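Me: I would like to learn how to read the features of a protein–DNA model, beginning with how its chains are related. Could you take me through one case, giving the general idea before each reading?

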2 protein chains.
Amino acid sequence: MDNRKIIEILERKGVRVTSIRILVMEALTAASRPMSLSDLETVLDTVDKSSIFRSLEAFEKHHAVHSIDDGTGSVKYEVCEGEDECTVSDMHAHFYCEKCHKTYCLKEISAPVVDLPEGFEMNSVNYIVKGTCRECGRRLSRDGLL
Amino acid sequence: MDNRKIIEILERKGVRVTSIRILVMEALTAASRPMSLSDLETVLDTVDKSSIFRSLEAFEKHHAVHSIDDGTGSVKYEVCEGEDECTVSDMHAHFYCEKCHKTYCLKEISAPVVDLPEGFEMNSVNYIVKGTCRECGRRLSRDGLL
DNA sequence: GCTCAATTGCAACCGGGTTGCGCCAGCCCG
DNA sequence: CGGGCTGGCGCAACCCGGTTGCAATTGAGC
């Protein structure tokens, strides 16, 4: 992976560039799936978790990443797509596989928006579908467990 | 509140009736809103939290209550409406007020269901809207803060 | 190269959730 | 009534993800 690209992302978002932050952002962009703090901890085993945490904090403040809560008890982070803000783009659906415990990002499916009762103001939406992912479904049917 | 009703609910769901469980179920039905473990802990300050926890566990196993994760880090519980199962009824939307930190149960709004990519199997849906609730909206506009 | 603010690593802490264990209550059976 | 068994309870300890205080280090700007 080319560090230039990573550094460019950080600079564009106005995040101060450090070696640790490059590592964290690199891991996040390399992953095809939202990552939790402990996921990152195991990938970057030389880096202290508080440093990763604070890097993510900085990224999030500058809208370089956004966090999603898939109800597993550990917050996941993923790189924001848009060039600038990502408040709208973080409204897409996510899928949590109860078999392999992976969280998928259904980028193409934007989170549905409902009409709220009068007086309620919406700020953001969290839409999580739980179930069995494609691979686990295949695996289970192959093994005759389905 | 009439204990008879509480006991009747527990018996109908096949949960063994104990004094603690009556207290927990009573608190849950009395609350107009989903309650967390620590909410219940403060309401029932004579009861140990592990007892409350295990009561909730028992209730949930017998579909007397269901849990919802509003992304605040503490799971909320609410009494199932239906007489029997509640697997469908727990698919309604919830609203989390970021001002007063209350979770509302939008019973009349069922969680929207999206089409998943091929091979993905849906088990349940979690739909949380975050924002400002009616009361906080009123309060803020009354105080000129909005 | 120097200075000062920001970042990092470490260790400790926090809070929600969970569990091991001994004790107690209730119940069935003789 | 008495004994034994099952299940519930309280206590304390633990787990884990997240967070923070602090001292050491880094690095950006001069």
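Reply: Copies are superposed by least squares on the C-alpha atoms of residues with pLDDT of at least 70 in both. This is a predicted model, in which local features need pLDDT of at least 70 and side-chain atom pairs count only at pLDDT 80 or more, while totals for chains, interfaces and linings use all residues. Residues are numbered from 1 along each chain as its sequence is written, chains are lettered from A and ligands numbered from 1 in the order in which they are written, and side-chain values use heavy atoms, with hydrogens and water left out.

Me: What turn and what shift lay chain B on chain A, and which residue of chain B comes closest to the rotation axis?

Reply: Two copies of a chain are related by a rotation about an axis and a shift along it. Here a turn of 180° with a shift of 0.0 Å along the axis lays chain B on chain A with an RMSD of 0.1 Å, which is the relation of a two-fold axis. The residue of chain B that comes closest to this axis is B:Tyr127, whose C-alpha is at 2.4 Å.

Me: How many residues are in contact between chain B and chain A, and what area is buried between them?

Reply: The size of an interface is often given as the accessible area lost when the parts come together. With contact taken as heavy atoms within 4.5 Å, 31 residues of chain B are in contact with 31 residues of chain A. The buried area (accessible area, 1.4 Å probe, that two parts lose on being put together, summed over both) is about 2,600 Å², and carbon and sulfur atoms give 59% of it. B:Phe120, B:Tyr127 and B:Arg134 supply 22% of the area that chain B buries against chain A, more than any other three residues. Because 100% of the interface residues of chain B are also interface residues in chain A, the copies meet through the same surface.

Me: How many residue pairs are in polar contact between chain B and chain A, and which element of chain B gives the largest share of the side that touches chain A?

Reply: A polar contact is a pair of N or O atoms within 3.5 Å; within protein, one must be able to donate a hydrogen and the other to accept it, and residues adjacent in sequence count only if both atoms are side-chain atoms. There are 16 such residue pairs between chain B and chain A, both residues being at pLDDT 80 or more. Strands (E, at least two residues) are DSSP runs numbered from the N terminus, as are helices (H or I, at least four), and β6(B) gives the largest share of the side of chain B that touches chain A, twelve residues.

Me: Which residues come nearest to DNA strand C, and which side chain has a polar atom 2.5 Å from a phosphate oxygen of that strand?

Reply: A residue is near a strand if one of its heavy atoms lies within 4 Å of it. Of the 17 residues around DNA strand C, A:Thr18, A:Ser51, A:Arg54, B:Phe53 and B:Val75 come nearest, and sugar and phosphate account for 61% of the atoms of DNA strand C that come within 4 Å of the protein. The side chain of A:Ser51 has a polar atom 2.5 Å from a phosphate oxygen of DNA strand C, whereas B:Val75 places a polar backbone atom 2.7 Å from a phosphate oxygen of that strand.

Me: Where do base nitrogens of DNA strand D meet polar side-chain atoms?

Reply: A base nitrogen of DNA strand D lies 3.0 Å from a polar side-chain atom of A:Lys49, and a base nitrogen of that strand is 3.0 Å from an N or O atom in the side chain of B:Ser50. The element that gives the most to the surface near DNA strand D is α4(A), with four residues.
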